[in-house]
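Me: I should like to learn how to read a protein model feature by feature. Please take me through this one.

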Amino acid sequence: SFIRDTIISLMTETNKDIRYVILEMSPVISVDSSALHIIEDMAKEFKKKEIHLVFANTGNRVTSVMERADFFEHFGKQWFHSTTHSAVQYCLRHKRLGDKGVKEDVVDFGEEAKAEAV
């Protein structure tokens with residue numbers, strides 16, 4: 001896929017230790033099952049490299065499709081944020097505290113995603 005190839009190319013060019021990739025989704029107005037499968041495959045590939053895929057600003061239509069596909073349960077709601085700022089803040093906190101140090105609240109996606117240090 002073009003998006004996957006572009007992200008991998010950019011990651012290779014930076015030559016840095018990347019642990020998080022934030023997909024800013026505001027330009028995306030709809031997704032279908034093929035797009036979701038590509039995202040899942042990309043997430044699996046990144047997971048092998050210990051890279052987390054994070055979503056920011058998914059619109060109502062995209063969120064609705066993701067909910068019907070159980071995307072939030074599959075990925076974990078903590079990786080979905082209503083703003084890019086929130087996604088970046090969560091990644092910084094996660095980097096500092098790790099999986100066990102960050103407590104995820106159950107997120108109603110329409111609200112600001114919340115995570116607090118334990």
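Me: What percentage of the 118 residues in the protein chain do buried residues make up?

Reply: The model is a predicted one. Buried residues account for 36% of the 118 residues in the protein chain.

Me: How many helices and strands does the secondary structure of the protein chain come to, and what pattern does the chain follow along the sequence?

Reply: There are five helices and five strands. Read along the sequence, they follow the pattern α-β-α-β-α-α-β-α-β-β.

Me: How should the sheet be read, and which order do its three strands have?

Reply: One begins with the order of the strands and the sense of their pairing. Here an open sheet of three strands runs in the order E1-E2-E3, with parallel pairing. E1 and strand E3 (80-81) are at the edges; each has a single partner strand, so one side of each lacks a neighbour in the sheet.

Me: Over how many bridges do strand E1 and strand E2 pair?

Reply: Strand E1 (residues 20-24) pairs with strand E2 (residues 52-56) in the parallel sense over five bridges. Two bridge partners in E2 may serve as landmarks: His-52 for Tyr-20, and Phe-55 for Leu-23. Between E1 and E2 the chain passes through helix H2 (residues 33-48), and this β-α-β crossover is right-handed.

Me: Turning to the nonpolar core, how many residues does the largest one have, and which have the most contacts inside it?

Reply: A core is read by its members and by the elements that supply them. The largest nonpolar core has 28 residues, and those with the most contacts inside it are Leu-53, Phe-55 and Met-66. At least two residues of this core come from each of helix H1 (2-14), E1, H2, E2, helix H3 (60-68), helix H4 (71-75) and helix H5 (84-101). H2 gives the most, with five residues.

Me: Which residues is Met-66 in contact with, leaving aside its neighbours within four places in sequence?

Reply: With those neighbours left aside, Met-66 is in contact with Met-25, Leu-36, Phe-55, Thr-58, Phe-71, Phe-72 and Phe-80. For the protein chain as a whole, 69% of the contacts between residues at least 6 apart in sequence join residues at least 24 apart.

Me: How are aromatic pairs to be read, and what is their count here?

Reply: A pair of aromatic rings is described by the distance of the centres and the angle of the planes. The count comes to nine aromatic pairs. In one of them, the rings of Tyr-20 and Trp-79 have centres 6.4 Å apart and planes at 35°, so the pair is tilted. Tyr-20 is in strand E1 and Trp-79 in the loop between H4 and E3, 59 residues apart, and the pair thus links distant parts of the chain. Both Tyr-20 and Trp-79 are buried.

Me: Why is the pair of Phe-55 and Phe-80 stacked?

Reply: The pair counts as stacked because the ring planes of Phe-55 and Phe-80 are at 5°, with the centres 4.6 Å apart, and planes under 30 degrees apart fall in that class. Phe-55 lies in strand E2 and Phe-80 in strand E3, so the pair ties together parts that are 25 residues apart in sequence. Phe-55 and Phe-80 are both buried. Together with Phe-71, Phe-72 and Phe-75, they form one aromatic cluster.

Me: How many salt bridges does a search of the whole structure find, and which residues do they join into one network?

Reply: For salt bridges, one asks which residues are joined, and then how exposed each partner is. The search finds three salt bridges. Arg-19 forms one with Asp-17, the closest N and O atoms being 2.8 Å apart; Arg-19 is partly exposed at 29% relative accessible area, whereas Asp-17 is exposed at 62%. Salt bridges that share partners join Arg-4, Asp-5 and Glu-45 into one network.

Me: How far apart are the closest N and O atoms of Asp-5 and Arg-4, and of Glu-45 and Arg-4?

Reply: For Asp-5 and Arg-4 they are 2.5 Å apart. For Glu-45 and Arg-4 they are 2.9 Å apart. Glu-45 lies in helix H2 and Arg-4 in helix H1, so this pair ties together parts that are 41 residues apart in sequence. Each member of the network is partly exposed: Asp-5 has a relative accessible area of 42%, Arg-4 of 24% and Glu-45 of 22%.

Definitions and conventions. Residues are numbered from 1 along each chain as its sequence is written. This is a predicted model: local features need pLDDT of at least 70, side-chain atom pairs count only at pLDDT 80 or more; totals for chains, interfaces and linings use all residues. Side-chain values use heavy atoms; hydrogens and water are left out. Two strands pair if DSSP finds at least two bridges between them. Helices (H or I, at least four residues) and strands (E, at least two) are DSSP runs, numbered from the N terminus. A crossover is right-handed if, with the strands pointing away from the viewer, the path from the first strand over the helix to the second runs clockwise. A nonpolar core is a set of buried Ala, Val, Leu, Ile, Met, Phe, Trp, Tyr and Cys residues joined through side-chain atoms within 4.5 Å. Buried means under 20% relative accessible area, exposed over 50%, partly exposed in between (1.4 Å probe, protein chains only). Contact means heavy atoms within 4.5 Å. A salt bridge is a side-chain nitrogen of Lys or Arg within 4 Å of a carboxyl oxygen of Asp or Glu. Rings of Phe, Tyr and Trp (its six-membered ring) pair if their centres lie within 6.5 Å; planes under 30 degrees apart count as stacked, over 60 as edge-to-face and the rest as tilted.
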